[in-house]
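Visitor: I would like to learn how to read the features of a structure one at a time, with the general idea before the particular case. Where shall we begin?

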Amino acid sequence: MTMEEHTPSRQDSDARKRHRAKRRIILRRYRYVSLSRRVWMRRAVFIAGALFVGLTAVGFAQISNDAQDVYSAILKRSPFLPLFLTPLGFAALAFATARWFPAAAGSGIPQVIAARKSSDYTHRSALLGWQTTIAKIVMTALALVVGASVGREGPTVQVGASVMFAVATVAGLGRQNGFVLAGSAAGIAAAFNAPIAGILFAIEELAKAFAGRINDIVIGSVVIAGAVSWLILGNYNYFGEVTTNVVSGKDWLAVPICAVFGGVLGGLFSMSLVTISRKPFGIIAILKRHPIVFAGLCGLLVAVLSIATAGYASGNGYAETRASLVYGQAMPWWYGLAKLGSTLLSSASGIPGGLFSPSLAVGAGIGSMITPIFTFADPRAFMLLMTVGYFAGVVQAPLTAVVIVMEMTSDKNMVIPLMATALFAASLSRLIGSEPLYHALARGYYASAFRIHGTPDVSSAPKSVR
């Protein structure tokens, strides 16, 4: 038998050996994925954590609604009581935050960003520990009780991340970055009943990247937390169903108008908040050396705005935004600007509370303000476009802004106009401030700038962080 006769059989034998080796690798991988105790432990932690996030988000929403009702009752019973209640409340909350719970300040999203970038477990625990979680919920509710213009949706991001972090810690799992991201996304999904927005927010704003493995766990957590919210609260739209459309060529002029107004005002808000929080100058720098006094002054100005606007400038702005978007109810012309001012003061004061709902309210208010000038389109279209434009200008996350507004209003007719407005607005905002708001504020919570048992200290950070 010649050499050529032996060659095919040898080749067949080698091919069979390679096939058997490949099959063994696949079987080992399958057995590991299906039978590995560690893999199933991680899955169980994700499921349990997402369930807890959903339940916590629902409870937080109810507490926040009750807190806002308390302030409304106070304002009706004694219209001038906020002149004392609000500044004292701001000062007390700022003191408690700075003294005992520095990681509970503000919206909570910068803390989550900093925690994801940190490899120090002690630092992460300071930002996402159970004490911070409880303080965040309680003090955000108290901020609403004293009339602050804050929301609970941003804090729910930190609460969701903290809950998932706690469950992973109890389970003894070392690598928790994916858990933190998944908890944050689940928090957004449960807070707004907007599951797709939760996924996009995690990718666009928190992760700033797309990774297939992370994407799977984020989607799973969002589904579970969203399902918990649905079971308890029902499958609702956050603002209700909005029916409006951009039809004619003239209607499309609303897109650049809302993009310009929303992007510029959102960018100015973002730049102002970052400047006051991280790089104050002049009289603000002097006042910031006494944070409790500064918080009290912010509270006094918020109280004046609240009394002057019959309470419109306080709270999360949900009721006013819903009335304008769903029923086309016109807001007072000053509402958007007053809400912007009270939200900036509340956020700059250092007390816990989020920006999401108040920012949506500001956008709707600015849209309502300009509708008497631009009468060629449906007022609700203007308010909806301005809502997404201003929000995209503040956070510089256009896809998240579009999907949040779409899912909250259940309006599929406005997809393209909303996208165009959000993209233009975010681009204009970047010309005013190149770094997104939450990432700029997160620098104060990096390990090199955050004193674990004290307040954020940016001055101690290296120049690369500052």
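**Reading a helical model**

Guide: Let us begin with a single residue, A114, which is found in helix 4; please keep in mind throughout that the model is predicted.

Visitor: Is A114 buried or exposed?

Guide: The cut-off for calling a residue buried is a relative accessible area under 20%. A114 has a relative accessible area of 1%, and therefore A114 is buried. Leaving aside neighbours within four places in sequence, A114 is in contact with H123, L127, A442, Y445 and Y446. A related pair is A114 and Y438, which are 324 residues apart in sequence, while their C-alpha atoms are 9.9 Å apart in space.

Visitor: What does the secondary structure of the whole protein chain come to, and what share of its residues is buried?

Guide: The protein chain has 20 helices and zero strands, and buried residues make up 54% of its 466 residues. Among contacts with a separation of 6 or more, 78% join residues 24 or more positions apart. The chain exposes about 20200 Å², of which carbon and sulfur atoms supply 66%.

Visitor: How should I read one helix within such a chain?

Guide: The general idea is that an α-helix has 3.6 residues a turn, so residues three or four places apart point the same way. In helix 5, which spans residues 121-128, the buried residues are H123, R124, A126, L127 and L128. What covers them includes helix 4 (109-117), helix 6 (130-145), helix 7 (153-170) and helix 8 (177-192). At the N-terminal end of helix 5, D120 acts as a cap, with a side-chain oxygen 3.0 Å from the backbone nitrogen of T122.

Visitor: Which residues have the most contacts inside the largest nonpolar core?

Guide: As background, nonpolar side chains in soluble globular proteins tend to be buried together. Here the largest nonpolar core has 88 residues, and those with the most contacts inside it are L128, F192, F269, L273, F356 and L418. Helix 17 (residues 379-395) gives the most to this core, with twelve residues. Apart from this core lies another, of eight residues, among them V45, V167, A168 and A182. To look at one member of the largest core, F356 touches residues including I109, I188, F192, F201, F391, I404 and Y438, not counting residues up to four places away in sequence.

Visitor: At what angle do helix 17 and helix 18 pack?

Guide: Two packed helices are described by the angle between their axes and the distance between the axes. Helix 17 and helix 18 (residues 398-409) pack at an angle of about 145 degrees, with their axes 9 Å apart, and their crossing is right-handed. Helix 17 makes the contact through L384, T387, V388, F391 and A392, and helix 18 through P398, A401, V402, I404, V405 and T409.

Visitor: Why does T421 count as buried?

Guide: T421 counts as buried because its relative accessible area is 0%. This residue lies in helix 19 (residues 415-432), and, not counting residues up to four places away in sequence, T421 touches V255, C258, A259, L385, V388 and G389.

Visitor: What is S324 in contact with, leaving aside its neighbours within four places in sequence?

Guide: S324 is in contact with Q329, M331, A364, R380 and M383, with those neighbours left aside. S324 is found in helix 14 (residues 318-327) and counts as buried because its relative accessibility is 0%. S324 and S368 are 44 residues apart in sequence and 7.9 Å apart in space, C-alpha to C-alpha.

Conventions: Residues are numbered from 1 along each chain as its sequence is written. This is a predicted model: local features need pLDDT of at least 70, side-chain atom pairs count only at pLDDT 80 or more; totals for chains, interfaces and linings use all residues. Side-chain values use heavy atoms; hydrogens and water are left out. Helices (H or I, at least four residues) and strands (E, at least two) are DSSP runs, numbered from the N terminus. Buried means under 20% relative accessible area, exposed over 50%, partly exposed in between (1.4 Å probe, protein chains only). Contact means heavy atoms within 4.5 Å. Accessible areas come from the Shrake-Rupley method with a 1.4 Å probe; for residues, only the protein chains shown count as cover. A polar contact is a pair of N or O atoms within 3.5 Å; within protein, one must be able to donate a hydrogen and the other to accept it, and residues adjacent in sequence count only if both atoms are side-chain atoms. A nonpolar core is a set of buried Ala, Val, Leu, Ile, Met, Phe, Trp, Tyr and Cys residues joined through side-chain atoms within 4.5 Å. Axes are lines fitted to C-alpha atoms, for helices over the stretch in contact, and angles run from 0 to 180 degrees between N-to-C directions. A crossing is left-handed if the near helix is turned anticlockwise from the far one by less than a right angle, and right-handed if clockwise.
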